[in-house]
Amino acid sequence: TTSVATARPATSASTGLRRGAASGCDTSPAMTTSTLMPADRRSPATSSRLGSLVALGLLGVWVWVWAHIVSHAVYVSHDSMISYAHVWYISHHLIPLHMPVLGHGQAFAYPYGFVPWTTAALLRPFVGDRIVSIWFVVGAVGALAATYWSFPETRRGWWAAAVLANPALVAGVLIGQQPFLWASALALLAVGMWRRGWRAWATVVMGLAQATHPAIVLPLAAVLVAGVAVVDKEQRRTLVRHYAVSLVIAAPAVWLVVASPVVADTSVGTKIAAFFETLGSRAFMLGVPVLLALAAAYLHRLPRAWLRHAVGPLVFVVLVGTTWVLWKPLQLPWAYRALWREPNNGMVAFTRSPEFEAGAMYRVLRIADGKQGLYQLIRHGGRLDSEFFPESVNIRSWPSPAAYGAFLRSRGVRYVMVWGGFDLVYRTNEHATLRRMADRTDCTVAPVTVATVEVTRVYQLFRVRPCP
C-alpha cells in the first residue's frame, strides 16, 4: 500500500499547493483549486519592479487624499451629504425605520448604507460629523485591503498599480460614495472568504454587502456569481445555494429601496437611465480585480516575451485613461475640489432668521453646495420635500401652474426657496411659475396659493398654502 501511494501521480490540488508555495502566496486548497484563481500566479505583470514603484507612488497619493478628507469635519462633495444627514438622524434614534424629515415625511432612515451608517452613528456622539469623513476613508482602505487579500495575484507589480488606479475607487472616494465603498469592501471580502473555503462567512458577508447597497452591489454580485457558476460546474449548486441565502439576508434592505419615496417620485425611464449610468462606472470595483486575477493566470500563454511584459503597463494605462474619459461626465473636477472646499453656511444664517419656520416642509432649489444646505436645514428643525437623491428633488419644467401646484400640494410643501444661479444652471420654468402664481391670490389657477415672503441677494422665499 505504501509503495502504491508513493508512485501515484500528484493531483492538481497538490500541484497547485506547490506552485502557491513557490510564489509565496496563500496555499489553501480552496485558493488553488478554484476556477476563479488558477494556481500559477507568477507573471511579468506581477513581478515588475517598475510596476511596484508606480503602485507605491499611487499609494502615497491616496494617503494624501485621505488625509485631506479626514481634515474636514464635513467633506462636501456630490454624494457625501446624504451620509452626514442619515448618520446624524440615526445617532439620535435607535436604528429607526422612518426618517420623516426627508421625502415629504415618507423617507426611510436606511435607503441603503446599513453597515457604515449604523456603525458611524454609534461613534458620532464622541467624534461628531467627522466620523463620517473618517468612514469615507475606512471604506476606501477596506476596499483596497479586501482586494489585495482576496486576490493575491494583485499584490505586486503592475497589477497592484492597476488596483490603485481603479476608476470606481477614484470616483467613489472623490464623490463621497460611502455606502458603495463599504458595500464593495464587504463584497470583495466575501469573495476572498469563498476562495478560501469559508463558505458560511462568505454568505453572511455577501448578504451584508448587498444589504448595504442593494441597487448596485446586488446586481454586480449576481453577475459575478452567474459567471463563476457557468465556469465552475463542480461548485455550481453549492454556490447558487449559498448566494440564495445571501439574498435572504439582503431582502429587507431591498424592500426599503423599492418602498423609498424616490422610487415612486421618479418615472420608470429616469430610474432605468440612472441605474445603468451608475452601474456602468461602478462595475469596475469588482470587475477589475477579477479580470486581473484571470489575466495573471493566463498571461504565460502569450507567444512573445515582450508581449507578456507589455500587458501590465497597458492595463494600467487603460485604467488611467478610463478615469480621464469619465472625469467630466462624472463631474469629478468639482468633486476633486472638495479636498479644499469649506462649508457654505448660508442656510444656517437663514435658519436663524425670523422667516424660518421650524417643522415646516421646504422645497430647496440650490446649486453648487453639494446639498449641504439641505443637511443644515433639517439639523435646525426644517423638513424637506425630497430625499438627497437628485431624482427625488424632481428638477424640471412644469406644463402649467395647476400641475406645479398639484405637485407642491401632494408633497405638503409650505415654503419654496430658490437660490441664486438656479435658473441659469438648470434652465427650468419653476422659478418663473412661482413668480407668476405669486401675483394671484385665488384658487382658480392652481390648488395652492403662493406669496412672496422674502427676496435677498442670495435667495427668494415663497410661502405655499393649500386651497380649501
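1. In this predicted model, T238 is in contact with W194 and R199, once its neighbours within four places in sequence are left aside. T238 is found in helix α14, and it counts as buried because its relative accessible area is 16%, where the cut-off for buried is under 20%.

2. T238 shares its buried state with other residues of α14, namely L239, Y243, S246, A250, A253 and L256. The cover over the buried residues of α14 includes three helices, α11 (178–195), α12 (199–212) and α13 (214–231).

3. The length of α14 can be checked against its number of residues: the helix runs over residues 236–259, and its 24 residues, at 1.5 Å a residue, should span 34 Å, so the 33 Å between its end C-alpha atoms agrees with that expectation. A reader following the helix should also note a bend of about 50 degrees at A250, with a proline, P252, following within four residues.

4. Helix α18 may be read in the same manner. Its 22 residues, 305–326, should span 32 Å at 1.5 Å a residue, and the end C-alpha atoms are 33 Å apart, which agrees. This helix bends by about 30 degrees at V311, and a proline, P313, follows within four residues. V311 is itself among the buried residues of α18, and the others are G312, F316, L319, T322 and T323.

5. Turning to the interior, the largest nonpolar core has 116 residues, of which V173, F350, Y362, I378 and F388 touch the most other members. Helix α11 supplies the largest share of this core, with eleven residues. Another core lies apart from it and has 17 residues, including W398, Y404, L434 and F462. As background, nonpolar side chains tend to be buried together in soluble globular proteins.

6. Which residues does V173 contact, leaving aside its neighbours within four places in sequence? They are W62, V65, W66, I69, Y75, A140 and L181.

7. On internal space, a search of the whole structure finds two cavities of 30 Å³ or more, and the largest cavity has a volume of about 50 Å³. The lining of the largest cavity is made by A143, L144, T147, V163, N166, L169, M285, V288 and P289. The elements that give two or more residues to this lining are α8 (130–150) and α17 (284–298).

Note on methods: Residues are numbered from 1 along each chain as its sequence is written. This is a predicted model: local features need pLDDT of at least 70, side-chain atom pairs count only at pLDDT 80 or more; totals for chains, interfaces and linings use all residues. Side-chain values use heavy atoms; hydrogens and water are left out. The expected span of a helix is 1.5 Å times one less than its number of residues. The bend at a residue is the angle between axes fitted to the seven residues ending there and the seven starting there. Buried means under 20% relative accessible area, exposed over 50%, partly exposed in between (1.4 Å probe, protein chains only). Contact means heavy atoms within 4.5 Å. A nonpolar core is a set of buried Ala, Val, Leu, Ile, Met, Phe, Trp, Tyr and Cys residues joined through side-chain atoms within 4.5 Å. On a 1 Å grid over the protein atoms alone, a cavity is a set of points where a 1.4 Å probe fits but cannot get out, and a pocket is an open set with protein on both sides within 12 Å along at least five of seven lines; lining residues have an atom within 4 Å of a point. Grid points are joined across faces, edges and corners, and a volume is the space filled by probe spheres set on the points.
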